[in-house]
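Visitor: Please take a close look at the charged and polar side chains of this model. I would like to know which of them pair up, where they sit and how covered they are.

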Amino acid sequence: MKKLTFIAAFFMLAQLAFAGGLLTNTNQSAQFIRMMSRNASTSIDAVYFNPAGLIKMEDGWHFAVYNQTIFQTKPVDSKFPLLNDGYYEGVVNVPVFPTAFAVYKMDNWAFSLGFGPNAGGGSATFDKGLPSFEIPITKVVPGLAGLTQIDPALNVTGYDAELSFDGSSVFWGIQLGATYRVNDMFSVYGGVRYLPSKNTYYGTIENIQLKVNDTYYPAPAWLTEASTQVGGKADMVSAAANMPQALQPLIDGGAGDFTLAQLEGGGYISSTQRAGIEGGLVQLIGLSQEQVNAMNLNMIYGTYTQASPQLQQTAAQLNAVSGSLAGTADQLSDKKVDTEQTGAGITPMIGVNFSPVENLNIAVKYEMKTILELTNKTKVDDLGLFPDGAKSRNDIPAILGVGVGYDAGLVEAQLSYNMYFNKGVDWGYNTRDLAIWQDVDPTKIRAREITKNGMEIGLGLQFNVVDNFAFSVGGLYGDMGVADSYQSDFSYSNPSVTAGAGIEWKIMDALTLDAGFSNTFYQDQEVTFNDPDLGNYNENLTKTTLNFAIGLSYSIF
């Protein structure tokens, strides 16, 4: 029976990401949610989107606080044939997703501070686990099919299990930088972002049961009992295989012509010894009781001698099955993991803003690759996946952002483009492959590959209805360029289109309210996996995301 290799990959979950790259959240303001394009911003949220454009703000202090409430579902529909139910759904609820900005602008300088969840920022709950958790458990059933040849009562026909997983991830970004006006057309920016980061994982595998002849039993207890039963059968077969040695003294003593009844009647063997000899001939070799009654000791000795090699082989096989059952019982006992990973990284950033004519703004921002190392702080690790104090890399790709904005008075338009240098980061191995192939054929484990660097392109329009009120709409298309080998139920990326809308209300000259709503429509991804026992099968990976945002900005001139 194959080892249940799901313990090699049970609690691996990539960081949650909402709008942006594979790890990065670019939904950092209510203005973004209502327009979907802010790379050429010259308002307070330019702290994140276009820090070189902050020089266009009025002299003085400027502050902004935002919150987003995000709802995401991550359904996975697996067609693996042994699953009881192949539909799984992860739920991500983020009631508080806060962002804050501050700017001090004076003459040719602007100094800025930003704070927000640059990656993650939510908790994912999988009430029934994921296919990668359950598929190895399903294989226990066909793996035990041979037990009926040992005893028809050991007929395992199904399974059940309680699997759960909760994972949270948040990489806070604390950004500091300075903007300088070179001349009326050019301004430049330099800054850094410090990212204290934390992932938490809590999960359980509990109450695994086996269905045996229409009745469910706790798997560890039943397998332990079955191991004992099979081990007893192995002892009986082994004794039969050694029967020639046990009978040899009687043969040497001249009792070869006597039947078993005569040997018992003459006191040469006990009734228990006779029952053992007869039992082996009837139950293991297949003779009838009438045949045994007619045989003398020489004939019995010859029969056992001829059958002994096969009986020894059978005993060895039964002992192996008994040991395997005992090992499987241990693997199917309740398991728990409770750990957190913490670390910090630094992202250097530069930016340029160019305004060749009035009302036209062109912006470029480059965030360098973030080297991030996380350290385990583990409370419970029954699976041995998160040794306390162990370190792992979780780098964040570099990002190039370009924006063009034009203010025509009644209408303002922004076009944004982001490139995520995903090919510059090692994304590790496919988790499903690890779970299935680790102990079968490690050469089948695929690296998570990127076909092309990720990209986003967005267009936003703001309609200034009156002096103090505007509404906006926008759209964003994103494709992270992942290969099929990247995708698994633990972490997957879908090309998407996001629609956003909202309002801007200038309550007074110094105070502005922004509010927005967005809905992301993901392209379903059908992925093919290969199983060593059952061959190819498909899974459908989907997502839905709704986002509500509100924020206030205030200026002291």
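Guide: What follows goes through the salt bridges, then a charged surface patch, then some buried polar side chains and one helix.

The model is predicted. Salt bridges, taken as a Lys or Arg side-chain nitrogen within 4 Å of an Asp or Glu carboxyl oxygen, come to 17. Three of these pairs are described here, beginning with R34 and E504.

The side chains of R34 and E504 form a salt bridge with an N to O distance of 3.6 Å. This pair connects distant parts of the chain, since R34 belongs to helix α1 (residues 30-35) and E504 to strand β15 (residues 496-508), 470 residues apart. Both partners, R34 and E504, are buried. The pair also does not stand alone: R34, E504 and D514 are joined in a network of salt bridges.

A second salt bridge is formed by the side chains of D85 and K128, at 3.7 Å from N to O. Here both residues come from loops: D85 from the one between β1 (60-78) and β2 (87-106), K128 from the one between β3 (109-126) and α3 (131-138), so the bridge ties together parts 43 residues apart in sequence. D85 counts as partly exposed because its relative accessibility is 42%. K128 is likewise partly exposed, with a relative accessible area of 31%.

The third pair is K369 and D395, whose side chains meet in a salt bridge of 3.9 Å, N to O. K369 is in the loop between β8 (360-367) and β9 (373-381), and D395 is in the loop between β10 (391-393) and β11 (399-407), so parts 26 residues apart in sequence are tied together. The two partners differ in cover. K369 has 33% relative accessibility and therefore counts as partly exposed. D395, with a relative accessible area of 9%, is buried, because the cut-off for buried is under 20%.

Other acidic residues gather at the surface. D160, E162, E206, D334 and D382 make up a negative surface patch. Of these, D334 can be placed in the loop between α11 (297-331) and β7 (335-354). Its relative accessibility is 48%, so D334 counts as partly exposed; exposed would require over 50%.

Uncharged polar side chains also make contacts. N376 is part of strand β9 and counts as buried because its relative accessibility is 7%. The side chain of N376 is in polar contact with the side chain of Q341, at 3.1 Å. Q462 is located in strand β13 (residues 454-466). With a relative accessible area of 4%, Q462 is buried as well. Its side chain makes a polar contact of 3.0 Å with the side chain of N464.

One helix remains, the α3 that follows the loop holding K128. Helix α3 is mostly covered, with eight of its eight residues buried. The buried residues are P131, S132, F133, E134, I135, P136, I137 and T138. K128, in the loop between β3 and α3, is by contrast partly exposed at 31%.

Methods:
Residues are numbered from 1 along each chain as its sequence is written. This is a predicted model: local features need pLDDT of at least 70, side-chain atom pairs count only at pLDDT 80 or more; totals for chains, interfaces and linings use all residues. Side-chain values use heavy atoms; hydrogens and water are left out. Patches are made of residues with over 30% relative accessible area and no salt bridge: like charges are joined within 9 Å, nonpolar side chains (Val, Leu, Ile, Met, Phe, Trp, Tyr) within 5 Å. Accessible areas come from the Shrake-Rupley method with a 1.4 Å probe; for residues, only the protein chains shown count as cover. Lys and Arg count as positive and Asp and Glu as negative; His and the chain ends are not counted. The place of a charge is taken as NZ of Lys, CZ of Arg, CG of Asp or CD of Glu. Helices (H or I, at least four residues) and strands (E, at least two) are DSSP runs, numbered from the N terminus. Buried means under 20% relative accessible area, exposed over 50%, partly exposed in between (1.4 Å probe, protein chains only). A polar contact is a pair of N or O atoms within 3.5 Å; within protein, one must be able to donate a hydrogen and the other to accept it, and residues adjacent in sequence count only if both atoms are side-chain atoms.
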